[in-house]
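Got a structure to go through, and a few labels on it that deserve a "how come?". Let's take them one at a time.

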Amino acid sequence: MGYDYDDSNIFAKILRGEIPNDTVAENEHALAFRDISPKAPTHVLVIPKGRYVSFDDFAANAPPEEITGFMRLCAEVVRAEGVSLDQGNGFRAITNAGNDGVQEVPHFHLHILGGRVIGPMLL
Ligand code: 5GP
């Protein structure tokens, strides 16, 4: 079964520049911006620029350079937000997928949360 990407989702609109976003960092393959409804002092969403519905879609189908570009942007965000372990802090990185994961926006995204102790279940 394939993954059916819906080009009308809100993150696709952000990538096309149709709606504004609070960009934190960007590279050739990925974009990082602040969540519109932050659950922690740092709540950044990192999305690939390619059309991937979910984590498993991205992991299975994205070319290696896109996966690397995405992961490197995540690392850049963690450092820029001052939440990396070597800065004496920490963070949570999570992704929701599909119905049981309660995924709201069907474009793969990683939530990076930090700036306070994050409880056991947040999103
Ligand atoms: P999900 O439940 O799919 O993992 O999370 C979707 C996230 O996207 C939510 O945390 C929600 O606040 C955020 N979000 C929804 N619409 C927008 C938007 O238009 N702009 C931004 N920056 N974040 C959004």
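Q: Why does Val102 count as exposed?
A: Quick note before the reasoning: this is a predicted model. Val102 has 9 C-beta neighbours inside 10 Å, and the exposed label goes to residues with 12 or fewer, so Val102 counts as exposed. Val102 sits in the loop between S4 and S5.

Q: What makes the backbone of Val102 worth a look, given that Val102 is not a glycine?
A: Its phi is positive, at about 55°. Val102 is also listed among the residues around the ligand.

Q: Which other residues are around the ligand?
A: Besides Val102, the list has Ile10, Asn21, Phe33, Arg34, Asp35, Ile36, Ser37, Asn96, Gln103, Glu104 and Val105. Sorted by class, the shell holds 5 nonpolar, 4 polar and 3 charged residues.

Q: How do you know how confident the predictor is here, for the chain and for the complex?
A: For the chain, the average pLDDT is 96, and 98% of the residues score at least 70. For the complex, the predictor gives an ipTM of 0.99 and a pTM of 0.97. As a general caution, coordinates should not be read in detail where pLDDT is low.

Q: Why is His109 called buried or exposed, whichever applies?
A: The count is 27 C-beta neighbours inside 10 Å. The buried label starts at 20, so His109 counts as buried. His109 is found in the loop between S4 and S5.

Q: What does UniProt say about His109?
A: The record, an unreviewed entry, places the feature "active site" at His109. That annotation may be inferred rather than shown by experiment.

Q: Which residues does His109 touch, not counting those up to four places away in sequence?
A: Phe11, Leu45, Val46, Ile47 and Thr95.

Q: What makes Leu110 buried?
A: Leu110 has 22 C-beta neighbours inside 10 Å. With the threshold at 20 or more, Leu110 is therefore buried. Leu110 belongs to strand S5, and its contacts beyond four places in sequence are Val46, Cys74, Ala93 and Thr95. As for Thr95, its C-alpha is 5.0 Å from that of Leu110, although 15 residues separate the two along the chain.

Q: Why is strand S5 described as mostly covered?
A: Strand S5 covers residues 110-114, and 4 of its 5 residues are buried.

Q: How do you know which strands S5 pairs with?
A: Pairing takes at least two bridges. Strand S3 (residues 42-48) has 5 bridges to S5, running antiparallel, and here Thr42 has Gly114 as its bridge partner. Strand S4 (residues 91-94) has 4 bridges to S5, again antiparallel, with Ile94 partnered by His111.

Q: Why is Arg92 labelled partly exposed?
A: Its count is 17 C-beta neighbours inside 10 Å. Buried needs 20 or more and exposed needs 12 or fewer, so Arg92 ends up partly exposed. Arg92 is in strand S4, and outside its neighbours within four places in sequence, Arg92 is in contact with Leu113 and Ile118. The C-alpha atoms of Arg92 and Ile118 are 7.2 Å apart, with their positions 26 residues apart in sequence.

Q: What makes strand S2 largely enclosed?
A: S2 spans residues 30-34, and 4 of these 5 residues are buried, so the strand is largely enclosed by the rest of the structure.

Q: How do you know what S2 is paired with?
A: Again, at least two bridges are needed. Strand S1 (residues 23-26) is joined to S2 by 3 bridges, antiparallel, and Thr23 is bridged to Phe33. S1 and S2 form a hairpin, with 3 residues between them. On to S3: 5 bridges join S2 to S3, also antiparallel, and Ala30 has Pro48 as its bridge partner.

Q: Why is Pro20 called exposed or buried, whichever applies?
A: Pro20 has 8 C-beta neighbours inside 10 Å. Exposed means 12 or fewer, so Pro20 is exposed. Pro20 lies in the loop between helix H1 (10-15) and S1. From Pro20 to Ala30 is 10 residues in sequence and 16 Å in space, C-alpha to C-alpha.

Note on methods:
Residues are numbered from 1 along each chain as its sequence is written. This is a predicted model: local features need pLDDT of at least 70, side-chain atom pairs count only at pLDDT 80 or more; totals for chains, interfaces and linings use all residues. Helices (H or I, at least four residues) and strands (E, at least two) are DSSP runs, numbered from the N terminus. Two residues are in contact if their C-beta atoms, placed from the backbone, lie within 7 Å. A residue is near a molecule or strand if its C-beta atom, placed from the backbone, lies within 6 Å of it. Ala, Val, Leu, Ile, Met, Phe, Trp, Tyr, Cys and Pro count as nonpolar, Asp, Glu, Lys and Arg as charged, and the others, Gly among them, as polar. pLDDT is the predictor's confidence in each residue, from 0 to 100.
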